[in-house]
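Student: I have a structure open and a list of terms to test on it. Can we go through them one at a time?

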Amino acid sequence: MQAPTPDLVTQFTEDVFATEDRFCQRSRCQALIRKGEPCHYVAAYDPTQQGKFVCGACYRWYKKKPATAVRAPVNLPVPDPQDICQSISAAQSQASLNPPAVVVMSGSVAGTGSIGGSPMVNFTPPPPPVLFPGRLNVYVPSAWNNVQLPAPPVAWAAPSPLMALPPGSSGYSVQHLQYAAQRECWAQMAHCPPPAGTISLEISAVFEAGGKKKNARSNNIGSICEGLKDIDSQSTAYELTSIALRTVVPRIKAYYPSFGWQENEFIVHDTKWVDLMRHSSAQPYFYGDCLNASNRKNSKAVVFKTKQFSLFVIVPEAQWEQFEAFRDKLEPPSPEPTHS
């Protein structure tokens with residue numbers, strides 16, 4: 001039976017010196033190792049037994065002892081970064097798709113060789129990958145190199161001849177670039193069903209002037225009056241205000257373009273002269289006026305009947321006076337009639 005032999009191991013530099021006074025653990029030495037002096041660790045042959053901390057002289061004796069085994073350092077090769085990148089690419093390519101190129105068959109452009117109005121296409125397999133001996137082989141289609149995708153098109157926009165397709169996209173047209181925008185547009189329409197009840201609006205542009213502030217119809221601005229139908233009856237006061245301003249403000253600006261209209265001062269009223277811009281309720285504004293009692297006998301149910309409502313976009317008195325002063329400066333006064 002072979003006798004157990006010590007085993008020399010590598011220590012960190014700070015562990016080679018004693019941190020406090022101690023004795024050499026070799027039974028024949030037991031010399032005092034003072035703090036800061038060399039103190040080496042020698043492992044036992046049996047891994048279940050604890051090693052020894054010995055002095056420098058005993059450590060040199062163990063190194064010269066024939067039965068002492070020294071662990072050979074293991075020098076692992078440093079991996080090549082290029083091999084790592086290729087390995088990652090190979091692992092990722094196993095879960096990705098390599099679509100074949102699409103090539104239009106001859107005669108399909110002019111309307112021939114098509115079925116049901118759709119051009120016939122021929123799928124050609126990709127070329128075989130180039131083999132590199134001693135390295136991982138990762139195939140990347142040539143059409144995927146330096147591909148610059150165009151900006152997403154606007155929904156319902158007509159395809160522009162300037163919109164370019166990525167390289168290697170033969171068999172596709174510029175209409176295919178509209179797919180993402182059209183899909184998003186139709187998805188939004190699918191989640192926004194049409195309203196259950198609609199109303200009509202009559203929107204007029206008026207101005208405040210002296211004692212005629214509430215006589216709205218006599219203060220029309222250039223006969224501006226717009227009618228809208230199919231307005232959601234569940235619209236709130238804020239939504240109705242937005243509709244009225246979006247409809248009439250461009251007409252007011254077109255009425256006298258050279259004047260600097262302050263549209264942020266415009267207000268919106270209904271026929272009862274309620275300021276919709278100060279009506280902060282989230283409830284439908286006109287929906288309750290469209291509910292009527294049912295004509296059925298002994299029925300307490302209510303039914304919805306569409307109606308037309310009037311709204312007024314009002315230019316405040318101060319701004320209207322500024323407009324009149326501005327107009328008087330630009331337009332010469334009309335001559336007074338002469339009497340014969």
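Student: Why is Y62 called buried or exposed, whichever applies?

Tutor: Keep in mind that this is a predicted model. Buried means under 20% relative accessible area. Y62 has 6%, so Y62 is buried.

Student: What makes W61 buried, exposed or something in between?

Tutor: The in-between class runs from 20% to 50%. W61 has a relative accessible area of 37%, so W61 is partly exposed.

Student: Which residues of helix α1 are buried?

Tutor: In α1, residues 56-64, they are G56, C58, Y59 and Y62.

Student: How do you know whether these buried residues line one face of α1?

Tutor: Look down the axis of α1. The buried residues fall within an arc of 160°, so they line one face of the helix. The face turned away from the buried side carries the exposed residues R60 and K64.

Student: Why can residues that are not neighbours in sequence point the same way?

Tutor: An α-helix has 3.6 residues a turn, so residues three or four places apart point the same way.

Student: What makes W61 and Y62 an aromatic pair, and of which kind?

Tutor: Two numbers decide. Ring centres must lie within 6.5 Å, and these are 5.1 Å apart, so the rings pair. Planes over 60 degrees apart count as edge-to-face; here the angle is 70°, so the pair is edge-to-face. The structure holds 15 aromatic pairs.

Student: Why is the pair of W273 and F312 called stacked, tilted or edge-to-face?

Tutor: The centres are 6.4 Å apart, within the 6.5 Å limit, so W273 and F312 count as a pair. The planes stand at 45°, which is neither under 30 nor over 60 degrees, so the pair is tilted.

Student: Where in the chain do W273 and F312 sit?

Tutor: W273 is in the loop between β13 and β14, and F312 is in strand β16. They are 39 residues apart, so the pair links distant parts of the chain. F312 is buried at 5%, while W273 is partly exposed at 22%.

Student: What makes R26 count as a charge over the ring of W61?

Tutor: One limit is 6 Å from the ring centre. R26 lies over the face of W61, at 3.8 Å from that centre.

Student: How do you know that R251 and E226 form a salt bridge?

Tutor: The cut-off is 4 Å between nitrogen and oxygen. The closest N and O atoms of R251 and E226 are 1.9 Å apart, so they form a salt bridge. R251 lies in helix α4 and E226 in strand β12, so the pair ties together parts that are 25 residues apart in sequence.

Student: How many salt bridges are there?

Tutor: The count comes to 3. One of them joins E263 and K253, at 2.5 Å from N to O. E263 is in the loop between α4 and β13, and K253 is in helix α4.

Student: What makes R278 and D275 a salt bridge?

Tutor: Their closest N and O atoms are 3.6 Å apart, which is within 4 Å, so the pair qualifies. R278 is exposed, at 74%. D275 is buried, at 16%.

Student: Why is C24 in no disulfide?

Tutor: Two cysteine sulfur atoms must lie within 2.5 Å. The nearest sulfur to that of C24 belongs to C58 and is 3.7 Å away, so no disulfide is counted. C24 is buried, at 2%.

Student: Why is there no bond for C39?

Tutor: The closest cysteine sulfur, in C24, is 8.0 Å from that of C39, too far for a bond. The total is 0 disulfides.

Student: Which residues touch the most other members of the largest nonpolar core?

Tutor: This core has 30 residues, and L201, I252, W261 and L311 touch the most other members. Among the elements that each supply at least two residues are β11, β12 and α5.

Student: Which element gives the most to this core?

Tutor: Helix α4 does, with 7 residues.

Terms used
Residues are numbered from 1 along each chain as its sequence is written. This is a predicted model: local features need pLDDT of at least 70, side-chain atom pairs count only at pLDDT 80 or more; totals for chains, interfaces and linings use all residues. Side-chain values use heavy atoms; hydrogens and water are left out. Buried means under 20% relative accessible area, exposed over 50%, partly exposed in between (1.4 Å probe, protein chains only). Helices (H or I, at least four residues) and strands (E, at least two) are DSSP runs, numbered from the N terminus. The arc is that of the directions from the helix axis to the C-beta atoms. Rings of Phe, Tyr and Trp (its six-membered ring) pair if their centres lie within 6.5 Å; planes under 30 degrees apart count as stacked, over 60 as edge-to-face and the rest as tilted. A charge sits over a ring if NZ of Lys or CZ of Arg is within 6 Å of the ring centre and within 35 degrees of the ring normal. A salt bridge is a side-chain nitrogen of Lys or Arg within 4 Å of a carboxyl oxygen of Asp or Glu. A nonpolar core is a set of buried Ala, Val, Leu, Ile, Met, Phe, Trp, Tyr and Cys residues joined through side-chain atoms within 4.5 Å.
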